[in-house]
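Let's walk through this one together, starting with the pieces that cover one another and then moving out to the surface and the loops. Keep the viewer open as you read.

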Amino acid sequence: MVESLSLLHGLLLCSERHFHHLMVEVDLETLVRLLNLGVVSKWLLCNILRRVHGLLFDSSSSLVHVYRDTNSTTYKLAG
């Protein structure tokens, strides 16, 4: 849930600034899979995923999985 909300927040910021054609890297493979599957339900997480998917589509951006080691700088900045 936290990863999806962080992704949504980041994409909303990019949308406000009119950034397009982004390569979004996420180290939670499950989140990437859920977004690629287009999960549909009334769960809050699914609503967030639909919003993220729409923002990715609207900005012609792509989402890829990266291993946590690749994201070590991000974790240092967040910690």
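A good way in is helix 3: its buried residues are covered by, among others, helix 1, strand 1, helix 2 and strand 2. One thing to keep in mind from the start is that this is a predicted model. Which residues of helix 3 are the buried ones? They include C46, I48, L49, V52, L55 and L56. The helix itself runs for 15 residues, and the distance from its first C-alpha to its last is 21 Å, close to the 21 Å expected at 1.5 Å a residue.

Now zoom out for a moment. The protein chain has 4 helices and 2 strands, and going along the sequence they come in the order α-β-α-α-β-α. There are 79 residues in the chain, and 28% of them count as buried. If you take the contacts with a separation of 6 or more, residues 24 or more positions apart account for 73% of them. As for the outside, the chain exposes about 5800 Å², with carbon and sulfur atoms supplying 60% of that area.

Helix 1 is the next stop. Residues 2-16 make up this helix, which has 15 residues and also reaches 21 Å between its first and last C-alpha, close to the 21 Å expected at 1.5 Å a residue. Its buried residues are S4, L7, L8, L11 and C14. Look down the axis of helix 1 and you'll find these buried residues within an arc of 125°, so they line one face of the helix. There is a general pattern to recall here: an α-helix has 3.6 residues a turn, so residues three or four places apart point the same way. Turn to the other side of helix 1 and you meet V2, H9 and E16, which are exposed.

What does the buried face of helix 1 pack against? Its buried residues meet strand 1 (23-26), helix 2 (29-37), helix 3 (44-58) and strand 2 (62-65). That ties back to where we began, with helix 1 among the elements that cover the buried residues of helix 3.

On the surface, M1, L5 and L44 make a nonpolar patch of about 300 Å². L44 belongs to helix 3, and with a relative accessible area of 55% it is exposed.

Charged side chains give us another surface feature. How many salt bridges are there? The count comes to 1 salt bridge, and it joins the side chains of E29 and R33, with 3.1 Å from N to O. In general, side chains of opposite charge can pair when their charged atoms come close. The spacing is worth a look: E29 and R33 are 4 residues apart in helix 2, so about one helical turn separates them. The two partners fall into separate accessibility classes: E29 counts as partly exposed at 38% relative accessibility, while R33 is exposed, with a relative accessible area of 53%.

Finally, the loops. Most residues other than glycine have a negative phi, and most peptide bonds are trans. With that in mind, check H18, which comes just after helix 1 and takes a positive phi of about 60°. H18 sits in the loop between helix 1 and strand 1 and counts as exposed at 61% relative accessibility. The loop between helix 1 and strand 1 also holds H21, which has a positive phi of about 55° although it is not a glycine. H21 is exposed, with a relative accessible area of 61%. Over at the end of helix 3, the helix is followed by S60, where phi is positive and near 55°.

Is S59 buried or exposed? With a relative accessible area of 8%, S59 is buried, even though it lies in a loop, the one between helix 3 and strand 2. The cut-off at work is that buried means under 20% relative accessible area. Leaving aside its neighbours within four places in sequence, S59 is in contact with F19, H20 and H21. H21 is thus a handy residue to select in your viewer: it lies in the loop between helix 1 and strand 1 and is one of the contacts of S59.

Technical notes
Residues are numbered from 1 along each chain as its sequence is written. This is a predicted model: local features need pLDDT of at least 70, side-chain atom pairs count only at pLDDT 80 or more; totals for chains, interfaces and linings use all residues. Side-chain values use heavy atoms; hydrogens and water are left out. The expected span of a helix is 1.5 Å times one less than its number of residues. Buried means under 20% relative accessible area, exposed over 50%, partly exposed in between (1.4 Å probe, protein chains only). The arc is that of the directions from the helix axis to the C-beta atoms. Contact means heavy atoms within 4.5 Å. Patches are made of residues with over 30% relative accessible area and no salt bridge: like charges are joined within 9 Å, nonpolar side chains (Val, Leu, Ile, Met, Phe, Trp, Tyr) within 5 Å. Accessible areas come from the Shrake-Rupley method with a 1.4 Å probe; for residues, only the protein chains shown count as cover. A salt bridge is a side-chain nitrogen of Lys or Arg within 4 Å of a carboxyl oxygen of Asp or Glu.
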